[in-house]
Amino acid sequence: MILAAVCFALTSIVLDNSILNLAVPSIEDALGAGPAQLQAIINGYVVVFAGLLVPSGLLADRYGRKRTVSIGLAVLAAASAAAAFAPSAGWLVVARCIMGIGAALVMPGTLAILIHTFAPEERVKAFAVWSAVGSAAMAAGPLLGGYLVERFGWPGIFIIGAVLSVVAVVLMLWIVPESRDPQQRSIDPIGSVAITLTMGACVSGIILVPDHGLASPITLACPFLAIVGGIGFWVRQRRSASPMVDMSLYRNREFAGASLAVAVLAIGTGSVLFILTQHLQHVVEYSPFEAGLAIIPLAVGVIAASYVGARLPGWIGYRWSMVLGFVVTASGFLVLATLTPASSYSVIAAGLLLAGTGSGLASPAVQTTVLGAVPPDRAGMGSALNDTHQQLGIALGVAIVGSIVTVGYRNFAPSALNTDAGSSLSRTLGQLSSGDEELIRAAQLAFTHAQSIGMATCAAFALFGAAVAWRVLAPNANDTINDEPTSPPKTV
């Protein structure tokens with residue numbers, strides 16, 4: 001029963017991460033959101049989630065895992081309800097940021113509850129169920145999102161999130177016992193704000209470039225704030241007697257290299273659905289539910305290949321497992337880069353299947369390499385940092401690739417659309433009538449040209465991740481990594 005309650009809480013987080021992409025075109029149409037606002041809606045959740053993961057784990061240890069997770073779920077439910085009734089894109093961005101706070105409070109506590117509840121010999125089974133539920137929720141997210149958007153409109157995805165969070169709170173309060181860490185590590189609120197500011201400013205600067213340019217004051221202010229926040233965080237951690245993040249972990253070759261590799265890979269994998277869902281609904285003209293069905297090959301590839309990926313390091317080593325997985329993922333992105341308005345669905349399916357397969361092959365090796373390089377007494381911190389690297393990669397991916405596609409579309413769009421209507425494909429289609437078929441086709445072609453550049457960029461990041469893994473990990477890295485990972489593979 002405790003495992004069921006924890007898995008229910010996990011499901012609400014995974015769905016919040018995977019369900020929104022199918023609603024992006026509908027939100028753009030309903031709220032008149034521009035490309036930068038759409039990226040902020042996605043990234044507001046991700047950046048806050050990533051920035052607060054480590055301090056949230058400390059809060060759970062000090063004040064109780066059950067209490068922290070329950071508060072997080074309540075925040076998630078309230079923010080989801082507020083998002084469902086958002087009257088503007090700005091309102092939705094704020095609601096998504098608050099949802100990120102709730103998710104950060106929930107995530108670290110779920111694993112800690114399982115570790116406290118189950119005896120060592122039973123934890124492997126509990127972790128397997130936890131991971132399987134996360135994978136199933138990830139696979140169901142796009143399909144469920146498409147159905148809800150088609151049936152109830154984009155607010156439906158937030159209403160279902162609020163309902164799931166409320167049910168999870170009830171189960172948590174009713175079933176789960178309280179637990180705490182007797183060591184009571186210190187919490188650094190200033191450091192937490194500094195690292196979140198750093199991530200948010202870095203991502204915001206990239207998002208603002210297409211609309212404001214590189215030389216505008218608001219764009220230039222973002223890297224300045226990122227540098228100030230980063231230096232402030234580093235100084236706080238260096239001077240603290242009990243640092244929130246042990247910076248010495250990054251001196252470990254395996255930990256630093258695999259962390260960089262997974263963050264770089266997440267730049268591609270985190271942005272591909274953000275772009276592809278717009279292609280499916282605005283170019284191929286699928287309904288939201290049909291678009292959700294079309295994305296299933298990605299989840300199939302991840303889940304099916306994970307079975308092989310868990311055994312692959314024993315056959316070819318951790319370094320080769322990561323390199324192989326990253327290269328297969330890159331090949332999937334390159335297939336998607338060939339999409340045109342006339343492409344058949346088989347091209348989309350093949351690209352998504354390859355991308356998912358590569359991720360499934362590489363993920364177990366990456367997670368074990370990162371967590372195996374962390375001393376057992378710092379396993380919780382290592383796990384939280386691993387999640388942070390992934391979420392930061394996703395946020396950067398949506399910002400970088402989203403901005404590339406935005407700029408590319410505006411450049412490729414015909415001169416007749418180089419007005420406000422040409423700022424995004426959705427706005428173009430919204431301001432053209434059915435009789436403007438030639439302009440509609442030209443706009444769709446311009447988007448696919450820009451999308452090709454974006455997908456090629458995703459492939460380049462995946463290949464860079466493969467190069468990092470090859471260069472940093474020793475050929476016999478599998479001999480130096482713990483046989484038993486300190487934490488189960490992550491699904492978020």
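1. A pocket, as the word is used in this note, is an open set of grid points with protein on both sides within 12 Å along at least five of seven lines. The model discussed here is a predicted one, and in it the second largest pocket holds about 420 Å³ of space. Nineteen would be a long list to recite, so the following names are a selection: of the 19 residues that line this pocket, those closest to its centre are Ile 195, Met 199, Tyr 250, His 389 and Leu 392.

2. As to where that lining comes from, α3, α8 (189-212), α10 and α16 each supply at least two residues of the second largest pocket, and the largest share, five residues, belongs to α16. In character the lining of the second largest pocket divides into 14 nonpolar residues and five polar ones, with no charged residue.

3. The structure also holds one cavity of 30 Å³ or more, and the volume of the largest cavity is about 150 Å³. Of the 16 residues that line the largest cavity, Pro 35, Gln 278, Thr 406, Ser 424 and Phe 447 are the closest to its centre. Which helices each supply at least two residues of this lining? They are α3 (35-63), α10 (253-283), α16 (379-412) and α17 (425-431), and α16 gives the largest share, with four residues. The lining of the largest cavity divides into eight nonpolar residues, seven polar and one charged.

4. Helix α3 deserves a paragraph of its own, since α3 supplies lining residues to the largest cavity and to the second largest pocket. Its 29 residues reach 40 Å from the first C-alpha to the last, which is close to the 42 Å expected at 1.5 Å a residue. Within α3 there is nevertheless a kink of about 50° at Leu 53, shortly before the proline Pro 55. The helix is mostly covered, with 24 of its 29 residues buried, and α3 is followed by Gly 64, whose phi is positive, near 110°.

5. The structure holds one salt bridge. Its partners are Arg 441 and Glu 437, whose closest N and O atoms are 3.9 Å apart, and a reader checking this contact may wish to know that the cut-off is 4 Å. Both residues lie in helix α18 (residues 437-472), four residues apart, about one turn of the helix. An α-helix has 3.6 residues a turn, so residues three or four places apart point the same way. Glu 437 itself has a relative accessible area of 48% and is partly exposed, because exposed requires a value over 50%.

6. Further along α18 is Phe 464, which is also partly exposed, with a relative accessible area of 45%. Phe 464 and Leu 260 are 204 residues apart in sequence, and their C-alpha atoms are 10.0 Å apart in space.

7. Is Ser 271, in helix α10, buried or exposed? At 0% relative accessibility Ser 271 counts as buried, and the C-alpha atoms of Ser 271 and Val 401, which are 130 residues apart along the chain, are separated by 6.5 Å. Gly 309, placed in helix α12 (residues 296-309), is likewise buried, with a relative accessible area of 0%. Between Gly 309 and Ser 359 there are 9.0 Å in space, C-alpha to C-alpha, although the two are 50 residues apart in sequence.

8. Two loop residues can be set beside these. Glu 285 is found in the loop between α10 and α11 (288-294), and with 57% relative accessibility Glu 285 counts as exposed. Its phi is near 65°, a positive value in a residue other than glycine. Most residues other than glycine have a negative phi. Ala 416 is found in the loop between α16 and α17 and counts as exposed at 52% relative accessibility, while its C-alpha atom is separated by 8.2 Å from that of Leu 439, 23 residues away along the chain.

Key: Residues numbered from 1 in each chain as written. Predicted model: local features only at pLDDT ≥ 70, side-chain atom pairs only at ≥ 80, totals over all residues. Heavy atoms only, no water. 1 Å grid on protein atoms, 1.4 Å probe; cavity = no way out; pocket = protein on both sides within 12 Å on 5 of 7 lines; lining within 4 Å. Points joined across faces, edges and corners; volume = space filled by probe spheres on them. Nonpolar A, V, L, I, M, F, W, Y, C, P; charged D, E, K, R; others polar. Expected span 1.5 Å × (residues − 1). Bend = angle between axes of the 7 residues up to and from the residue. Buried < 20%, exposed > 50% of the residue type's maximum accessible area, 1.4 Å probe, protein only. Salt bridge = Lys/Arg side-chain N within 4 Å of Asp/Glu carboxyl O.
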